Amino acid sequence: MSKTLNFGFIGAGQISTWSAQCVNKHPQANVLAAHDLNPVRLQELCESSGIPRACKTAEELLADPEIDAVYIAVPNKFHAPLSIQALQAGKHVILDKPFALSLAEAETVAAVARSAGKVFTLGMNQRFTKDAQKIKALVATDQLGEIYHAKAYWLRREGIPRLGTWFGNKELAGAGCLYDIGVHMLDLCLHLLDNFDPVSVSGATYTRFGNRGRGEGDWGKSDRTDIVFDVDDFATAFIRMRNGTTVSLDAAWACHTELKDRHGVTLFGSEAGACTHPAKLFRRNLVKEEYEVIEEVEADILYPHLDRFHNFINHLLSDEPLCVTIDQALAVQRILDAIAESSRTGREVVFA
Ligand SMILES: NC(=O)c1ccc[n+]([C@@H]2O[C@H](COP(=O)([O-])OP(=O)(O)OC[C@H]3O[C@@H](n4cnc5c(N)ncnc54)[C@H](O)[C@@H]3O)[C@@H](O)[C@H]2O)c1
């Protein structure tokens with residue numbers, strides 16, 4: 001690996017500051033250019049992250065022949081169109097979640113990525129935490145036996161991103177907590193199960209806090225406006241996988257609950273159970289004849305860099321397998337679409 005990979009960032013909001021640090025930490029990558037519709041935030045990101053080129057438009061950034069890869073972190077409505085534009089400009093793309101506003105949009109991006117012959121991935125950072133990777137290793141080495149059920153959850157007490165910003169608006173965000181934090185835990189859960197083949201989905205979403213000006217947290221740099229809050233701030237779903245495994249998903253930006261924030265995936269297997277945040281293993285020790293809860297889980301992890309950007313970069317520059325594939329991302333989007341449809345119709349959605 002001798003080449004340096006140059007990144008262009010589209011979006012200079014809250015997550016991009018963190019993402020630029022991750023890219024710049026890699027010895028063979030750096031952020032060369034950035035663009036944001038808001039010139040103040042663009043300047044701030046460029047100064048704080050040492051990005052030399054501030055581009056007034058996405059077109060200017062994408063026309064730069066020195067840029068190899070593009071990171072997209074903007075309101076969800078622009079995920080698919082900007083991904084398509086970047087791929088067609090010959091760039092590899094790492095898009096922040098969620099994939100798109102619908103499966104149809106996501107499938108269009110996937111088709112463009114394939115015909116352009118460029119690498120496209122979704123940056124699902126939760127897959128890369130050390131604890132999640134340890135549990136993935138336990139599952140891969142069959143230490144849980146048959147996993148028949150999994151619980152995926154991210155429940156915040158007062159954690160709606162800044163009210164009055166795009167996050168709460170259906171036209172710009174597509175959905176609320178489901179697309180913001182539900183998607184993380186759903187994706188992580190299916191990744192741990194190594195199962196992206198659902199057969200049916202039943203779901204319900206609720207809007208109970210943001211629409212009353214309640215439940216606000218502090219995430220997001222976009223300016224407040226009087227934009228309407230019309231997305232879910234609570235979502236729940238029951239998903240059956242084709243092999244019979246079941247998954248329950250609960251996500252809340254705001255709800256009345258004991259803890260400020262708790263999230264994770266819990267797996268229920270025939271031989272052992274496990275959870276991810278933090279990693280723990282639960283099983284009966286048949287030799288000692290006692291039940292044990294193992295808090296220091298020992299396991300070999302696949303991505304010691306613990307970072308989505310390092311995975312994308314290493315995949316482009318060497319032979320590290322890409323963790324998040326397009327097909328997996330499409331499967332997650334299919335389930336998200338089905339949750340919305342099931343909530344709207346009051347019926348289960350069954351896949352052929
Ligand atoms: N992976 C994660 O854990 C994680 C965490 C937070 C956010 N995100 C995702 O990252 C994206 C951005 O979130 P954020 O928290 O940084 O939001 P933010 O509101 O802080 O920033 C969004 C930025 O996008 C800019 N923007 C809006 N439309 C644009 C366009 N068409 N072209 C260029 N710039 C545009 C805005 O001016 C703003 O600076 C969202 O899709 C969000 O879901 C991911």
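## Briefing: a buried helix, an open sheet and some unusual backbone spots

Leu306 is partly exposed, as 15 other C-beta atoms lie within 10 Å of its own. That residue is a handy way into this predicted model, and its backbone has a feature of interest too: Leu306 has a positive phi of about 60° although it is not a glycine. You will find Leu306 in the loop between strand E14 (290-294) and helix H9 (308-317). The points below start with the whole protein and then go through a helix, a sheet and a few single residues.

**The protein as a whole**

- In total, the protein has 10 helices and 15 strands.
- Its radius of gyration is 20 Å, close to the 20 Å that the globule rule gives for 352 residues, so the protein is as compact as a globular protein of that length.
- Taken along the principal axes, the box filled by the C-alpha atoms is roughly 65 × 50 × 40 Å.
- Of the 352 residues, 50% count as buried.
- If you look at contacts between residues at least 6 apart in sequence, 76% of them join residues at least 24 apart.

**Helix H8 and what follows it**

- Helix H8 covers residues 177-193, which makes 17 residues.
- From its first C-alpha to its last, H8 reaches 23 Å, close to the 24 Å expected at 1.5 Å a residue.
- The helix has a kink of about 40°, and this is centred on Val183.
- H8 is largely enclosed by the rest of the structure, because 17 of its 17 residues are buried.
- Just after H8 comes Asp194, with a positive phi of about 50°, although Asp194 is not a glycine.
- Asp194 sits in the loop between H8 and strand E8 (198-206).
- While H8 has 17 of 17 residues buried, Asp194 counts as exposed, because it has 11 C-beta neighbours inside 10 Å and the cut-off for exposed is 12 or fewer.

**The six-stranded sheet**

- Six strands form an open sheet with parallel pairing, in the order E3-E2-E1-E4-E5-E6.
- At the edges stand strand E3 (53-55) and strand E6 (120-122); each has a single partner strand, so one side of each is left without a neighbour in the sheet.
- From one strand to the next, the twist averages 25°.
- For edge strand E3, the partner to look at is strand E2 (residues 29-35): the two run parallel and are joined by three bridges.
- To find your place along this pair, look for Ala34, which stands opposite Ala54 in E3.

**Cis peptide bonds before proline**

- The peptide bond from Lys97 to Pro98 is cis, and its omega is near -5°.
- Pro98 belongs to the loop between strand E5 (92-95) and helix H5 (103-116). Strand E5 also appears in the open sheet, in the order given above.
- His277 and Pro278 are likewise joined by a cis peptide bond, here with omega of about 0°.
- Pro278 is in the loop between strand E12 (273-276) and strand E13 (279-285).

**Spots to click on in the viewer**

- Val183 marks the centre of the kink in H8, and Asp194 lies just after that helix.
- Ala34 and Ala54 show you where E2 and E3 face each other.
- Pro98 and Pro278 take you to the cis peptide bonds described here.
- Leu306 brings you back to the start, with its positive phi of about 60° in the loop before helix H9.

Key. Residues numbered from 1 in each chain as written. Predicted model: local features only at pLDDT ≥ 70, side-chain atom pairs only at ≥ 80, totals over all residues. Helix = DSSP H or I, 4+ residues; strand = E, 2+ residues; numbered from the N terminus. Expected span 1.5 Å × (residues − 1). Bend = angle between axes of the 7 residues up to and from the residue. Buried ≥ 20, exposed ≤ 12 C-beta atoms within 10 Å, placed from the backbone. Pairing = 2+ DSSP bridges. Axes fitted to C-alpha atoms, helices over the stretch in contact; angles between N-to-C directions. Rg over C-alpha atoms; globule rule 2.2 N^0.38 Å. Contact = placed C-beta atoms within 7 Å.
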